[in-house]
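Got the viewer open? Let's take a short walk through the model, one selection at a time.

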Amino acid sequence: MNKIKLMLLLMLLTTAAAAQKSRKKLPVHFDAEKWVEYVEGDMPLVISVPHGGRVTVDSLPIRDCKGAITGVDGRTIELARDIQHYFKKTYNLVPHIIISHIARKHVDQNRELDNKATCGYEKNEKPWHTFHNWVDSALNLASSNGKRAMYIDLHGHGHKNQRLEIGYNLGKSELEKILDETYKHGSKYHSITNLLKQERGLNLKEAIFGEKAFGTFLVNNGVPATPSSQDLVPTKEELFFSGGDNTRRFTSEKYPNVFGLQIECDSSARSEAKRSNTAKGIAEAIVQYLNIYANTQIEAAKK
Ligand SMILES: [Zn+2]
């Protein structure tokens, strides 16, 4: 084959590969009842949306045990889809996203089964298993071959302070102690324990309050958040969600290459007016975070 022919062949192959890349279509899975959806991704990021669903089913019991919360985290499904679209448009990447469409009245997808997830109604357990099995599969896929992956459990809060609350499974008093460098975590797991085990040079204070903390990246991208270098720790009087059962489960020792956090979005950040800006800020913070801590080299796709 002469040089020109070879060059033409190479050009053809490169164009074909580029076309393939822009055409890639990843599967979207549903269970038979469409109670749970799994958008398969192709990057080391898994987002679950446990409390945005509104589907009610007459034949299923309503959770009624003591302390059962049944409120919807409004517009969190829409926010996850906005994040997905931003990643596709800007980076030609798709995060894994698992959405619960069934209402929290029937199943709380951010509670363990022995912690009021279905209030003991076995009939309601099927979508719980589907949701959790799909998060598990997505994380295994995203962190295969020793790759690091990030897990985010996405929620909406109704607290007064309009800022994102980052839950590392560390409460306000623990955050205070970490800031004072008096925190003794012993064997207690938090949601970035696995990351700290791998990044030996990184300490917990820096990881939560430093220049390269997730909250700091959010604020730098126009999305107010705590804890961060700009908004350290909520005061005693301020309400704060520190992370739930999903974050605990999916960043545990069982997933040694996974680190993550819970994001609780304020109502303003989820509003029609601000949501696309919030999605952009979250996505850009994730890219910065993954490039540093998951050893990725995510760059904006060429137009
Ligand atoms: Zn929630």
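Before we look at a helix pair: axes here are lines fitted to C-alpha atoms, for helices over the stretch in contact, with angles running from 0 to 180 degrees between N-to-C directions. Helices are DSSP runs of H or I with at least four residues, and strands are E runs of at least two, numbered from the N terminus. This is a predicted model, so local features need pLDDT of at least 70 and side-chain atom pairs 80 or more, while totals for chains, interfaces and linings use all residues. Residues are numbered from 1 along each chain as its sequence is written.

Select residues 76–91 to get α2. Its 16 residues should span 22 Å at 1.5 Å a residue (times one less than the residue count), and the end C-alpha atoms are indeed 22 Å apart. Just after α2 sits asparagine 92, with a positive phi near 50 degrees.

Now add α9 (275–293). The axes of α2 and α9 come within 9 Å and cross at roughly 60 degrees. That makes the pair oblique, the class left over after under 35 (roughly parallel), over 145 (roughly antiparallel) and 65 to 115 degrees (roughly perpendicular). Residues making the contact (C-beta atoms, placed from the backbone, within 7 Å) include Leu79, Ile83 and Phe87 of α2 and Thr278, Ala279 and Ile282 of α9.

Next, colour the buried residues of α2 (20 or more other C-beta atoms within 10 Å of their own): among them are Ile77, Ala80 and Gln84. Their cover includes strands β3 (45–49) and β5 (149–156).

Last stop: Met150, which touches Pro44, Phe259 and Tyr289, among others.

Terms used:
Contact = placed C-beta atoms within 7 Å. Buried ≥ 20, exposed ≤ 12 C-beta atoms within 10 Å, placed from the backbone. Lists of a residue's contacts leave out its neighbours within four places in sequence.
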